[in-house]
Amino acid sequence: MIIFACIQIVLSQIPNFHKLSWLSILAAVMSFSYASIGIGLSIARVAGGAHARTTLTGRTVGVDLSGSEKVWRTFESIGNIAFAYAYSTVLVEIQDTLKSSPPENKVMKKATFVGISTTSLFYVLCGCVGYAAFGNDAPGNFLTGFGFFEPFWLIDLANVFIAIHLIGAYQVFCQPVFGFVEKWCNKRWPESKFITTERCIDVPLYGIYYLNLFRLVWRTVYVIVTAVIAMIFPFFNDVMGFLGAASFWPLTVYFPIEMHIARTKIPKFSFTWTWLKILSWTCLMVSVVAAAGSTQGLIKKIEKYKPFQTQE
């Protein structure tokens with residue numbers, strides 16, 4: 001995590017989102033690569049005659065799993081799924097990088113359809129083929145959760161791809177935050193030389209880099225804080241579920257639906273208006289139960305790994 005944070009401190013000094021295209025492409029290629037490796041290994045495991053216990057409703061409630069715990073885990077899983085589709089935080093930034101011809105709305109509509117279809121295909125394949133390979137004992141991450149042990153080189157390569165993908169994904173999601181804070185500070189304190197002054201530095205093999213002290217300090221502090229939080233709460237699935245639940249409904253569902261209703265002037269209580277509202281409220285309930293499941297999972301794991309816990 002510390003190495004990851006050091007890399008992010010350097011990459012975070014990229015001035016703006018428009019210069020991240022190479023990193024975004026690299027992250028996308030890495031994502032397809034490790035997902036394909038996971039699917040291929042799962043297919044090989046099933047084809048090799050490995051028999052995993054599978055049931056329609058997942059793990060059976062019994063000695064190792066209570067009914068309430070299974071419900072909480074189901075809610076947490078919904079949060080993970082929500083996070084996987086909550087890309088709306090960077091949607092406007094991506095659209096802002098497009099040229100005006102052809103029109104941005106047509107390009108984004110096509111890109112969104114292709115993107116969601118492609119990722120959904122990989123999600124379904126990883127879920128279904130992975131479950132066929134491991135059954136009810138499937139780990140949270142079959143590439144790092146001791147799902148596969150051989151071939152070592154291929155599994156290690158897949159995990160390198162995961163690390164590179166996360167490095168790029170961190171920047172894609174953080175750059176809009178960086179840009180928003182920096183624009184707000186420039187408007188709030190336009191006379192501050194610390195915030196507005198940029199110094200030209202000739203960097204070998206790069207060219208002229210415009211150094212801004214406020215950008216350097218603010219982005220570095222942001223990366224350090226997020227890294228410390230990640231080390232305090234090293235529970236990947238639970239944290240992902242909570243973040244997905246918190247961002248899914250307001251950013252991915254509520255605001256887009258409300259903007260669409262306002263822009264197209266859909267009459268109240270019309271058929272379209274009613275079903276859009278039903279969709280919005282349904283997704284709100286999904287976010288609520290996902291947040292509850294992820295919170296419960298975080299609390300249990302924090303209690304489980306509490307340092308210096310006394311034993312009776």
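This passage describes a hairpin, several salt bridges, annotated spans and one pocket in a predicted model.

The strand pairing considered here involves S1, residues 198-203, and S2, residues 207-212. These two strands run antiparallel and are joined by six bridges. Within this pairing, Ile201 has Tyr209 of S2 as its bridge partner. Three residues lie between the strands of the hairpin, and Leu205 there adopts a positive phi near 65°. In a regular strand, side chains alternate between the two faces of the sheet.

Four salt bridges were found in a search of the whole structure. One of them ties the hairpin to a helix: the side chains of Arg215 and Glu198 meet at 3.6 Å, N to O. This pair links distant parts of the chain, with Arg215 in helix H8 and Glu198 in strand S1, 17 residues apart. The two partners fall into separate accessibility classes. Arg215 is buried, with a relative accessible area of 6%, whereas Glu198 is partly exposed at 44%.

Helix H8 also takes part in a second salt bridge, formed by Glu182 and Arg219, whose closest N and O atoms are 2.7 Å apart. Here too the pair links distant parts of the chain, since Glu182 belongs to helix H6 (residues 152-188) and Arg219 to helix H8 (residues 213-232), with 37 residues separating them. Glu182 counts as buried at 12% relative accessibility. Arg219 likewise counts as buried, at 0%.

Another salt bridge lies within a single helix. Glu69 pairs with Arg73, and their closest N and O atoms are 2.9 Å apart. Both residues belong to helix H3 (residues 67-85), and because they are four residues apart in that helix, about one helical turn separates them. Arg73 is partly exposed, with a relative accessible area of 38%.

The unreviewed UniProt entry annotates residues 22-44, 111-132, 152-173, 216-233, 239-257 and 278-299 as "transmembrane region". Two of these spans were examined in the model. Residues 216-233 are 94% helix and 0% strand, and the C-alpha atoms at the ends of this span lie 26 Å apart. Residues 239-257 are 100% helix and 0% strand, with end C-alpha atoms 26 Å apart.

The second largest pocket encloses about 1,200 Å³ of space. Its lining consists of 26 residues, of which Leu91, Thr252, Pro256, Ile257 and Met259 are the closest to the pocket centre. Helix H4 (91-96), helix H5 (104-134), helix H9 (236-264) and helix H10 (271-304) are the elements that each give two or more residues to this lining. H9 gives the most, with 12 residues. By residue class, the lining of the second largest pocket divides into 16 nonpolar, eight polar and two charged residues.

Towards the start of the chain, Gln8 is found in helix H1, which covers residues 2-11. Gln8 is buried, with a relative accessible area of 0%. The C-alpha atoms of Gln8 and Ala262 are separated by 39 Å, and these two residues are 254 residues apart along the chain.

Methods:
Residues are numbered from 1 along each chain as its sequence is written. This is a predicted model: local features need pLDDT of at least 70, side-chain atom pairs count only at pLDDT 80 or more; totals for chains, interfaces and linings use all residues. Side-chain values use heavy atoms; hydrogens and water are left out. Two strands pair if DSSP finds at least two bridges between them. Buried means under 20% relative accessible area, exposed over 50%, partly exposed in between (1.4 Å probe, protein chains only). UniProt positions are given in the numbering used here, feature names are shortened, and annotations may be inferred rather than shown by experiment. On a 1 Å grid over the protein atoms alone, a cavity is a set of points where a 1.4 Å probe fits but cannot get out, and a pocket is an open set with protein on both sides within 12 Å along at least five of seven lines; lining residues have an atom within 4 Å of a point. Grid points are joined across faces, edges and corners, and a volume is the space filled by probe spheres set on the points. Ala, Val, Leu, Ile, Met, Phe, Trp, Tyr, Cys and Pro count as nonpolar, Asp, Glu, Lys and Arg as charged, and the others, Gly among them, as polar.
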